[in-house]
Amino acid sequence: MNMYKPVISIFLCLLLVVGCSGPFSSTTENLPLQGIRITIDPGHGDTEAYDRFRIGPAGEREEWINLRVAKYLEKKLTHAGAQVMLTRGADKDLSLGGRASLAKIHGSQLFVSIHHNGSGNDPEMDLPIVYFFGDARMNPASVDFARILVEGMREKMVFEQPDAGAVYSDHLIYSSGTSVLRNTVAVMPGVIGEGGFFTSAEGEERLRSKAYNKLEAQVYYEAILEYFRRGYPTAVPILLDTVKYIIPGQVLEFQLDDGFGGSDFLGDFTVLQDQDSLDYSWNPESGLLAVQTVPMDAHEVSLQVFGRNKNGNALHPRIFEFDTQAGVEWHAFDFWGDAFSAAEELYEQLSFDENTADFLQLPIMEEALHLYQLSLELQIVHAKARVAEERILTLLKLKQHLSKEDLSEEIDLQQQRLDTYYP
Ligand SMILES: [Zn+2]
């Protein structure tokens, strides 16, 4: 089992390790990973003083094995032309959030976290496992790579139970998954590889050997080569820089690439707007996928495109988040005081007299309500927070009166909020 502990640490100066072309020619044969960006994350680090868990019977520590394999792998990838981000190059710790941030800043196309496994109660256990984040159907590119990797481990490495190796969801170990994969999955496929058990005496002996660490690095390297050889398909939304938001209901185009500069995809696509599946039209000549978004009342919408290129490699369903017009308006203020003052100005224009208050006030009332809520979103305990919360209650009551809608639930909740948080 792995233990992922949230550790707060300070970032050290991290240098980008960029592939150097040096004596190599720039043919794709010599540099099969030219231009590919990858993050290699050796799990854990610098825990010897306090960690009694990730250690083999003869004293070998998981973090040391992870680092050796990662450094051998980094060298191979760099020689193949890849731009590698190594999250740690020494026996140091780095926060889990920091590891994910580095991968995102680097713009990686693949995140590979290198770990080794331990069992507290079964010293015989020794098999390969590769984890992906979450639901396999929602994370197909990570599963593609995980399958290639676990097959390579089974074929070329040595395990006491090689046939038991598997690709598993990280939700089997933690209900919300592992931090590094959860925090990278929106933008890139990723896996955690567990290349054997250091709690097995035979396993530990193998994992201590640098020759065996090199063999393991070679297995990762070949899996990465094979994965990118199949092509890394992409989908990019086409939006002008001047467009600040989308209007749900509009048609939005994505430019697709099969990973080879073409648009050779297998079968159908699936496009999701939040959880809903959208209609689309596909032009295989131009590679344009025109997606019909659906109207919705929200500040943001997220879109994901699923599909497979001609070699069967899945598009990683990146999560594209767009502001809607309402979202842009919602975020028009960035200081709570400005939002609150604007709300107060509108509030003073409203009549709360049952006889004179009419539905023409509704737009002003809605805007005031929104601005009070925004002031609290910008700064939850601002100097006028209680006033804002009381105004929200008053406005909800007015809204119910003017619109004749039944808002009793919202009104009750707001009253409870005041009673609970503002004694
Ligand atoms: Zn680990």
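The following paragraphs describe the nonpolar cores and the zinc site of a predicted model.

In the predicted structure, the largest nonpolar core comprises 40 residues, within which Ile40 and Leu77 have the most contacts. At least two residues of this core are supplied by each of strand E1 (37–42), helix H1 (62–79), strand E2 (83–86), strand E3 (110–117), helix H3 (140–156) and helix H6 (210–229). Of these elements, H6 provides the largest share, with nine residues. The surroundings of Leu77 illustrate the packing: when residues up to four places away in sequence are not counted, Leu77 touches Leu33, Ile38, Ile40, Ala82, Val84, Tyr221 and Ile224. A second core, separate from the one just described, contains 30 residues, among them Ala357, Ile392, Leu407 and Leu418.

The zinc ion is coordinated by NE2 of His44, by two OE atoms of Glu62 and by ND1 of His115, at 2.1 to 2.7 Å. The angles subtended by the four donor atoms around the zinc ion run from 51 to 144°, and the arrangement is therefore irregular, given that a tetrahedral assignment would require all angles to lie between 85 and 135 degrees. Along the chain, the donors of the zinc ion follow the spacing H-x17-E-x52-H. Because Glu62 lies in helix H1 whereas His115 lies in strand E3, the pair ties together parts that are 53 residues apart in sequence. Both Glu62 and His115 are buried, and the elements that carry this pair, H1 and E3, each also supply at least two residues of the largest nonpolar core.

Conventions:
Residues numbered from 1 in each chain as written. Predicted model: local features only at pLDDT ≥ 70, side-chain atom pairs only at ≥ 80, totals over all residues. Heavy atoms only, no water. Core = buried A, V, L, I, M, F, W, Y, C linked by side-chain atoms within 4.5 Å. Buried < 20%, exposed > 50% of the residue type's maximum accessible area, 1.4 Å probe, protein only. Helix = DSSP H or I, 4+ residues; strand = E, 2+ residues; numbered from the N terminus. Contact = heavy atoms within 4.5 Å. Donors = N, O, S within 2.8 Å, 3.2 Å for Na, K, Ca; no water. Tetrahedral: all angles 85-135°; square planar, octahedral: opposite > 155°, others 65-115°.
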